[in-house]
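Work through the exercises below with the sequence and the three-dimensional view side by side. Try each task before reading its solution.

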Amino acid sequence: MNAVFPGSFDPITSGHMDVLTRAAKIFDRVTVTVMHNARKQGRHLFTLDERLDILRAATAHFPNVGVDSFGGLLVDYMAREPGSVIVRGLRAVSDYEYELQIAHLNRQIGDAETVFIMAATRWSFVSSSMVREIASYGGDVSEMVPRASAGALRQKFVEVYAEREAQTAVSAEPR
């Protein structure tokens with residue numbers, strides 16, 4: 001059985017990777033699918049192509065994981081993947097309430113089944129938006145994201161990181 005792991009992955013986090021690692025052990029093939037929505041243009045830190053590149057780098061070590069993108073309804077994508085299930089990660093009860101609604105809708109309009117995988121407790125507080133916020137101020141997010149995401153974030157916020165490194169160097173100088 002195959003699975004589709006959809007999301008915006010802006011960027012992929014260690015929580016996503018935790019869910020993906022476990023899904024890759026359960027399913028024969030997992031396709032990480034960046035869902036893009038024209039109405040959300042300009043609201044992502046990374047472009048669609050950048051997110052796909054980050055995902056390819058972060059998942060390269062998985063022999064049964066592929067990366068794809070799709071614009072439109074997830075159930076339409078699932079129709080192209082007969083026999084596949086949707087995999088969604090959950091961090092907290094609040095995620096479950098939202099995801100349950102979406103799972104019911106996907107089943108109602110497209111007969112798509114959803115499997116939930118709980119993120120490990122150590123990643124239950126990590127979200128892409130929080131990672132972006134921390135990184136935008138030059139904070140260290142290297143434990144919260146795979147190496148590919150950390151590098152991409154540093155590149156996006158190169159000036160912030162350069163300033164932080166300079167401040168660290170100045171404060172480390174003997175007086």
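The exercises that follow concern a predicted model, and they go from the overall fold to single residues.

**Exercise 1. Describe the overall make-up of the protein and the order of its elements along the sequence.**

Solution. Begin with the inventory, which comes to seven helices and five strands. Next, follow the chain from its start, and the elements appear in the pattern β-α-β-α-β-α-β-α-β-α-α-α. For the dimensions, the C-alpha trace spans about 70 × 35 × 35 Å along its principal axes. Finally, consider burial and contacts: buried residues make up 41% of the 175 residues, and among contacts between residues at least 6 apart in sequence, 73% join residues at least 24 apart.

**Exercise 2. Determine the order of the strands in the sheet, and say which strands stand at its edges.**

Solution. Strands of a sheet pair through backbone hydrogen bonds, either parallel or antiparallel. Here the five strands form an open sheet with parallel pairing, in the order β3-β2-β1-β4-β5. Strands β3 (65-71) and β5 each have a single partner strand, so they stand at the edges with one side left without a neighbour in the sheet. From one strand to the next, the twist averages 35°.

Now look at two of the pairings in detail. Strand β1 (residues 2-7) runs parallel to strand β2 (residues 29-36), and six bridges join them; in this pairing Gly7 has Val34 of β2 as its bridge partner. Strand β4 (residues 84-90) is paired with strand β5 (residues 114-118), also in the parallel sense, over five bridges, and Leu90 has Met118 of β5 as its bridge partner. To get from β4 to β5 the chain passes through helix α4 (residues 93-110), in a β-α-β crossover that is right-handed.

**Exercise 3. Examine helix α4: compare its span with the expected one, and find which of its residues are buried.**

Solution. First take the span: α4 has 18 residues and reaches 25 Å from its first C-alpha to its last, which is close to the 26 Å expected at 1.5 Å a residue. Then list the buried residues, which are Asp95, Glu99, Ala103 and Asn106. An α-helix has 3.6 residues a turn, so residues three or four places apart point the same way. The buried residues of α4 pack against α3 (74-79), β4 and β5.

Arg107 also lies in α4, but Arg107 counts as partly exposed because its relative accessibility is 48%, and the class of partly exposed residues runs between 20% and 50%. Leaving aside residues up to four places away in sequence, Arg107 touches Ala112 and Glu113. Just after the helix, Asp111 takes a positive phi of about 55°.

**Exercise 4. Describe how helices α2 and α6 meet, and decide whether Ser149 is buried or exposed.**

Solution. Start with the axes: those of α2 (residues 48-59) and α6 (residues 147-156) come within 8 Å and cross at roughly 145°. From α2, Glu50, Ile54, Ala57 and Ala58 meet Ala148, Ser149, Ala152 and Lys156 of α6. These contact residues divide into five nonpolar, one polar and two charged.

Turn last to Ser149, which has its place in α6. Ser149 is buried, because its relative accessible area is 0%, and the cut-off for buried is under 20%. Not counting residues up to four places away in sequence, Ser149 touches Pro11, Ile12 and Ile54.

Notes:
Residues numbered from 1 in each chain as written. Predicted model: local features only at pLDDT ≥ 70, side-chain atom pairs only at ≥ 80, totals over all residues. Heavy atoms only, no water. Axes fitted to C-alpha atoms, helices over the stretch in contact; angles between N-to-C directions. Helix = DSSP H or I, 4+ residues; strand = E, 2+ residues; numbered from the N terminus. Contact = heavy atoms within 4.5 Å. Nonpolar A, V, L, I, M, F, W, Y, C, P; charged D, E, K, R; others polar. Pairing = 2+ DSSP bridges. Right-handed = clockwise from strand over helix to strand, strands pointing away. Expected span 1.5 Å × (residues − 1). Buried < 20%, exposed > 50% of the residue type's maximum accessible area, 1.4 Å probe, protein only.
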